[in-house]
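Visitor: Please take me through one part of this model in close detail. I would like to know what is buried, what is exposed, and what touches what.

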Amino acid sequence: RLMSPRVGSPVHRGGGMDVKGTVSKCLMVASQLKSLTFARLSLVPSFGMPSNTTTISSSSASSSVFDFYASTFAEFTAQYIDALGSTGNLPITRKDWLDDEVNLAQSEWMEREQKRQFGVWAGTHQEEEQESGADAGPRKVDIMDRPDCLEDVFALVSSVCDVYPAGAKSFWYVGEEQAAALSSEGGNHDEDATAATSSSLVLAPSRALQTLDLLQSDNDSSLFVYLSFLASLALSDGPNDGKETTNNGACVVHSFLSGQRTINPARTEGRRMNFLWTTIVGAVRWYAENLSQEEEDESAKNKSSGGTTP
């Protein structure tokens, strides 16, 4: 008896392939193979820049080719980071990776040491294994084996926006903001005034920006790379292609750093607002004072030893 596949028992998928896990692995492989670093150091510079020494026709052609490559890559990078954030596959920070590797090396060494002690007790240990594993200690972590981390995501966006500032708009959302206004007819404002609403296009934090902000807030080690990332987003024009100067990327980022707006309005409770202007200026002042103190100490040593400072 034939039966329509739309009725009856459900069709079982063969192989039991985990589609979500497969997609996650495909998204993570780029950071594991250091593709983000390759894109930042090799791919983006290969786009080149339009030459100013060529003729007008060839210069316009090279400029259009550069704009095509740069805008396409900026849009792809924004969509890729958004996919990483929405699926929970953004990489960890470099500090977290180093801590994990140090803990793993310590665990491996302790396991080898336990095996060696058991071999000594059982009389089955080898002298070569004893010499190589007993006194060597935990292995040293090779920094060259480090995959792309969260800081590399920030650096990639910064390099894309530096080369092609118009691409910074790809990392924002363009939304509508309702503004209430009063419109009146005639001269009697009390009787004829009516409330009206006007909508305007504004730049808003994208989902990827909100996710990156939350990850950064949990770890101060990536703070200054994150500030460079915000500086690159400030290069974006406004939602009306640069026609206004009060709603571009620089104004929005300034409102974040001034505490007037928040990147994650619904999830600000308990967060450390450690990237405000006061913190940035304080950090710059601290570095300036410490560097100046070192120069004064060096100058005092040179004077006491009879030397001269340049």
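Guide: What follows begins with one helix and then moves to a loop and a surface patch. Keep in mind that this is a predicted model.

Start with helix H2, residues 35-46. Which of its residues are buried? They are Leu36, Ala39 and Val44. Viewed along the axis of H2, these buried residues fall within an arc of 55°, so they line one face of the helix. Turn to the other side of H2: Phe38, Leu41, Pro45 and Ser46 are exposed there. Just past the end of H2 comes Gly48, with a positive phi of about 75°.

Now go to Ser236. It sits in the loop that joins helix H9 (223-233) to helix H10 (249-257). Is Ser236 buried or exposed? Its relative accessibility is 3%, so Ser236 counts as buried, the cut-off being under 20%. What does Ser236 touch, apart from neighbours within four places in sequence? Its contacts are Pro165, Ala168, Lys169, Trp172, Leu203, Asn248 and Gly249. Of these, Gly249 is where the range of H10 begins.

Helix H9 also leads to the surface. Phe224 belongs to H9. Its relative accessible area is 48%, so Phe224 is partly exposed. Phe224 joins Trp286, Tyr287 and Leu291 in a nonpolar surface patch of about 470 Å². Which helix gives the most to that patch? Helix H11, residues 277-304, does, with three residues.

Technical notes: Residues numbered from 1 in each chain as written. Predicted model: local features only at pLDDT ≥ 70, side-chain atom pairs only at ≥ 80, totals over all residues. Heavy atoms only, no water. Helix = DSSP H or I, 4+ residues; strand = E, 2+ residues; numbered from the N terminus. Buried < 20%, exposed > 50% of the residue type's maximum accessible area, 1.4 Å probe, protein only. Contact = heavy atoms within 4.5 Å. Arc of directions from axis to C-beta. Patch = residues over 30% accessible without salt bridge, like charges linked within 9 Å, V, L, I, M, F, W, Y side chains within 5 Å. Areas by Shrake-Rupley, 256 points an atom, 1.4 Å probe, with all protein chains shown as cover. Salt bridge = Lys/Arg side-chain N within 4 Å of Asp/Glu carboxyl O.
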